[in-house]
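Student: Hi! Could you walk me through this one?
Tutor: Happy to, let's have a look together.

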Amino acid sequence: LAHFYLLWRGDILTLYAMIGAVALPFLHLSAAGQLRLGLAGYLLGSVLYAGAYGMPLLLGDGLPAADVAGLEVAMAAELADDAVDARILTSGSYSQFVAHNLSGHFWTPLYVALFSLLETLPLMLIGMALYRTGFFSGQWSRRRLWQLAGGGIWLGGALTLGFTAW
């Protein structure tokens, strides 16, 4: 959080630290349990995110006018904040930079963590499982790695083609 408020708001390490704290209770699970929970969580998050963002577009002729107006207001607020950032970074002081981060972006790490929870936590669980099985330390055979890579390419390609056709 100190890095976020005092140096740079764009660093993903703040998100990783916050979600990593949430991942700690899952250390006791077996690697298989972490992998299953991670894959299930990622699938659930994908379905929820797709439903939240894709469903309004699928059900009608685009977004309702109220949603478009809300997006335009939010975009204008982002642009205004970017202008403040640019002014502070080009001609302001470090204390103005920190004050702006604390006043204008105090809750941003929490919002980002909540928004990203169902993506980042499952990926951390999958990474924990892979670590525990020796994936990162070279304990997997070359053949097994090629099988995983090939399966991932085929599955990803099939899903991409299916969604593209749909």
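Tutor: One term before we start: a residue is called buried if its relative accessible area is under 20%, and exposed if it is over 50%. Keep in mind that this is a predicted model.

Student: Got it. Which residues are buried in helix α5?
Tutor: In α5, which spans residues 94-104, the buried ones are Phe 97, Val 98, His 100 and Asn 101. They sit on the same side of α5, because they cover an arc of only 160° around the axis.

Student: And what exposed residues does the face turned away from the buried side carry?
Tutor: That face of α5 has Ser 95 and Ser 103, both exposed.

Student: Back to His 100. What does it touch?
Tutor: Leaving out residues up to four places away in sequence, His 100 is in contact with Arg 9, Asp 81, Val 84, Asp 85, Ile 88 and His 105. His 100 has a relative accessible area of 11%, so it falls in the buried class.

Student: Arg 9 and those Asp residues caught my eye. How many salt bridges are there?
Tutor: The count is two. In one of them, the side chains of Arg 9 and Asp 81 meet at 3.9 Å, N to O. That pair links distant parts of the chain, 72 residues apart: Arg 9 is in the loop between α1 and α2, while Asp 81 belongs to helix α4 (residues 65-91).

Student: What about Asp 85, how far apart are the closest N and O atoms there?
Tutor: Arg 9 and Asp 85 form a salt bridge with those atoms 2.5 Å apart. Asp 85 is also in helix α4, 76 residues from Arg 9. Through shared partners, Arg 9, Asp 81 and Asp 85 are joined into one network.

Student: Are these three buried or exposed?
Tutor: Arg 9 is partly exposed at 22% relative accessibility. Asp 81 counts as buried at 14%, and Asp 85 is buried too, with 13%.

Student: New topic: which residues form the nonpolar patch on the surface?
Tutor: Leu 102, Phe 106, Trp 107, Leu 110, Tyr 111 and Leu 114, with about 640 Å² of accessible area together. Helix α6 (residues 108-132) gives the largest share, three residues. Leu 114 is found in α6 and is exposed, with a relative accessible area of 57%.

Student: Where does α6 bend?
Tutor: At Leu 117, by about 70°. Many α6 residues are listed as buried, including Pro 109, Thr 120, Pro 122 and Met 128.

Student: And what follows α6?
Tutor: Gly 134, which has a positive phi near 90°.

Notes: Residues are numbered from 1 along each chain as its sequence is written. This is a predicted model: local features need pLDDT of at least 70, side-chain atom pairs count only at pLDDT 80 or more; totals for chains, interfaces and linings use all residues. Side-chain values use heavy atoms; hydrogens and water are left out. Buried means under 20% relative accessible area, exposed over 50%, partly exposed in between (1.4 Å probe, protein chains only). Helices (H or I, at least four residues) and strands (E, at least two) are DSSP runs, numbered from the N terminus. The arc is that of the directions from the helix axis to the C-beta atoms. Patches are made of residues with over 30% relative accessible area and no salt bridge: like charges are joined within 9 Å, nonpolar side chains (Val, Leu, Ile, Met, Phe, Trp, Tyr) within 5 Å. Accessible areas come from the Shrake-Rupley method with a 1.4 Å probe; for residues, only the protein chains shown count as cover. A salt bridge is a side-chain nitrogen of Lys or Arg within 4 Å of a carboxyl oxygen of Asp or Glu. The bend at a residue is the angle between axes fitted to the seven residues ending there and the seven starting there. Contact means heavy atoms within 4.5 Å.
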